[in-house]
Amino acid sequence: MIADYNTMPHMFWECNQLYFNHQLRTPKFGLMHTYRNLGKFEYRWGEKNKPVKKRYMSILMSDYFDFDEKTFRNIMVHEMIHYYLYLNNPSECSAFSRFLRLFGIKSSDHGPEFMAMAQS
């Protein structure tokens, strides 16, 4: 399976039903043309010039590889766990990472709560 704008939403909806009980809203999807990162979850606030800044989340996947279905699903679920933790426990992912970056330490955002969800 090659990541594209058809396969990613389909896999997201399937995994959202199976693993997250439909708790996650559909994010934006994007493609990365790289072999270095397989997937990425990111969140941003809207444009600075607008009176109300709207938050949006997106899941990106590399379209560099032709994944088997199991690998594709694992990458999607991995990014969905980041999404879930961002919504339900922001201290697990974002604040701690910013703190570490102040001291030049790169964090992978795979703390204990992430590991517990990934192993279940």
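The following exchange concerns salt bridges and a surface patch in a predicted model.

Residues are numbered from 1 along each chain as its sequence is written, and side-chain values use heavy atoms, with hydrogens and water left out. Local features need pLDDT of at least 70 and side-chain atom pairs count only at pLDDT 80 or more, while totals for chains, interfaces and linings use all residues.

Me: Which residue of helix α1 does R73 meet in a salt bridge?
Reply: A salt bridge is a side-chain nitrogen of Lys or Arg within 4 Å of a carboxyl oxygen of Asp or Glu. R73 lies in helix α2 and its partner in helix α1 (residues 7–20), so the pair ties together parts that are 59 residues apart in sequence. With an N to O distance of 2.7 Å, the partner is E14.

Me: Is R73 buried or exposed?
Reply: Buried means under 20% relative accessible area, exposed over 50% and partly exposed in between (1.4 Å probe, protein chains only). The relative accessible area of R73 is 15%, so R73 is buried.

Me: Which residues are joined into one network by salt bridges that share partners?
Reply: R73 also meets E69 in a salt bridge (3.1 Å, N to O). Being four residues apart in helix α2, R73 and E69 are separated by about one helical turn. Salt bridges with shared partners thus give one network of E14, E69 and R73.

Me: What is the relative accessible area of E42?
Reply: The side chain of E42 meets that of K40 in a salt bridge of 3.7 Å, N to O. K40 counts as partly exposed at 37% relative accessibility. E42, by contrast, is buried, with a relative accessible area of 16%.

Notes
Helices (H or I, at least four residues) and strands (E, at least two) are DSSP runs, numbered from the N terminus.
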